[in-house]
Amino acid sequence: MRLTPLTSLSPEQNELLTAIVGPGVEPPPPFLAWARNMELAPWVEHLGRYCRNESRFPQRLRELSVLIAGRHFDSQSAWNAHYEQAIIEGVPAECLDRLARGEAPRFKAEDERVFHAFAHEMLYDHFVSDDTYAEALTLFGEEGVLDLIGCVGSFSMSAMMLNVFQIPLREYLPRPFPEIDGFGRVAGSEA
C-alpha cells in the first residue's frame with residue numbers, strides 16, 4: 001500500500017468512521033485512504049452512502065454499478081469486495097464472469113442490460129446513444145438516469161483511489177481480470 005499506516009484516528013476521523021460502520025468496527029480500506037483528507041472524506045462518504053444504500057435502484061443494480069466501474073478501472077479490490085454480494089442480490093455469475101474477462105456480459109434481465117449498456121457507453125465512449133438513453137429513461141426515469149450517472153461516477157472515483165494507493169487485494173480471493181496482475185497489466189496485454 002502506498003499510504004503510510006494510520007497509527008491513530010483523530011476525533012473527526014473517528015466520528016466519520018462511526019457514522020459509516022458503527023462504533024468499534026475495523027475501518028474498511030477505502031475509509032483509511034479517504035480519511036487522510038478530512039475536508040474531502042465526508043463528501044465522498046455522503047455520496048457513497050447514497051449510492052450504496054439510498055439510490056432509486058435495487059441493491060442488485062447498485063452492486064452491478066460497483067462492478068462495472070471496478071472493471072472499467074481494472075480495480076480488483078473493488079471487484080472482489082462486491083462480486084459475491086452482486087450474485088447474492090441476483091446478478092447472474094456467468095454474466096459477471098464474462099464482464100470480468102472483458103466480454104459482453106449478455107444480461108437477460110432488461111434493467112441489467114440497459115443499466116450496463118448506459119454505463120458502458122458513458123465510460124468507454126464518453127457519450128450515450130439516443131437509443132440507449134431512451135431505454136434508460138423509459139426504465140429508470142430522469143431521476144434514475146441521474147442516479148445511474150452519480151453511482152457510476154462515485155464508484156469510479158473509489159476504484160481509481162483503490163488502484164492509485166494500491167489498497168491490498170484480499171489474498172484468498174481469485175484474481176478476476178486475466179490481464180491484470182496486482183496493480184499493473186500483464187506484459188503483452190493491451191489497455
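Helix axes are lines fitted to C-alpha atoms over the stretch in contact, and the angle between two of them runs from 0 to 180 degrees between N-to-C directions. The exercises below use a predicted model.

**Exercise 1.** At what angle do helix α3 and helix α8 pack, and how far apart are their axes?

Solution.
Step 1. Locate the helices: α3 covers residues 41-54 and α8 covers residues 130-164.
Step 2. Read off the geometry: the angle is about 125 degrees, and the axes are 9 Å apart.
Step 3. Classify the angle: α3 is therefore oblique to α8.
Step 4. Give the hand: the crossing of α3 past α8 is left-handed.

**Exercise 2.** Which residues of α3 meet which residues of α8, and how do they divide by type?

Solution.
Step 1. On the α3 side, list Val44, Leu47, Gly48, Tyr50, Cys51 and Arg52.
Step 2. On the α8 side, list Asp147, Gly150, Cys151, Ser154, Phe155 and Met157.
Step 3. Sort the residues of this contact: 7 are nonpolar, 3 polar and 2 charged.

**Exercise 3.** Cys51 and Cys151 both belong to the contact between α3 and α8. Why is Cys151 not bonded to Cys51?

Solution.
Step 1. State the cut-off: a disulfide needs two cysteine sulfur atoms within 2.5 Å.
Step 2. Find the distance: the cysteine sulfur closest to that of Cys151 is in Cys51, 3.3 Å away, and this is too far for a bond.
Step 3. Conclude: the model has 0 disulfides by this rule, and Cys51 is in none.

**Exercise 4.** Is Cys51 buried or exposed, and is Cys151 buried or exposed?

Solution.
Step 1. Recall that buried means under 20% relative accessible area.
Step 2. Cys51 has a value of 1%, so Cys51 is buried.
Step 3. Cys151 has a value of 1%, so Cys151 is buried.

Note on methods. Residues are numbered from 1 along each chain as its sequence is written. This is a predicted model: local features need pLDDT of at least 70, side-chain atom pairs count only at pLDDT 80 or more; totals for chains, interfaces and linings use all residues. Side-chain values use heavy atoms; hydrogens and water are left out. Buried means under 20% relative accessible area, exposed over 50%, partly exposed in between (1.4 Å probe, protein chains only). Helices (H or I, at least four residues) and strands (E, at least two) are DSSP runs, numbered from the N terminus. Angles under 35 degrees count as roughly parallel, over 145 as roughly antiparallel, 65 to 115 as roughly perpendicular and the rest as oblique. A crossing is left-handed if the near helix is turned anticlockwise from the far one by less than a right angle, and right-handed if clockwise. Contact means heavy atoms within 4.5 Å. Ala, Val, Leu, Ile, Met, Phe, Trp, Tyr, Cys and Pro count as nonpolar, Asp, Glu, Lys and Arg as charged, and the others, Gly among them, as polar.
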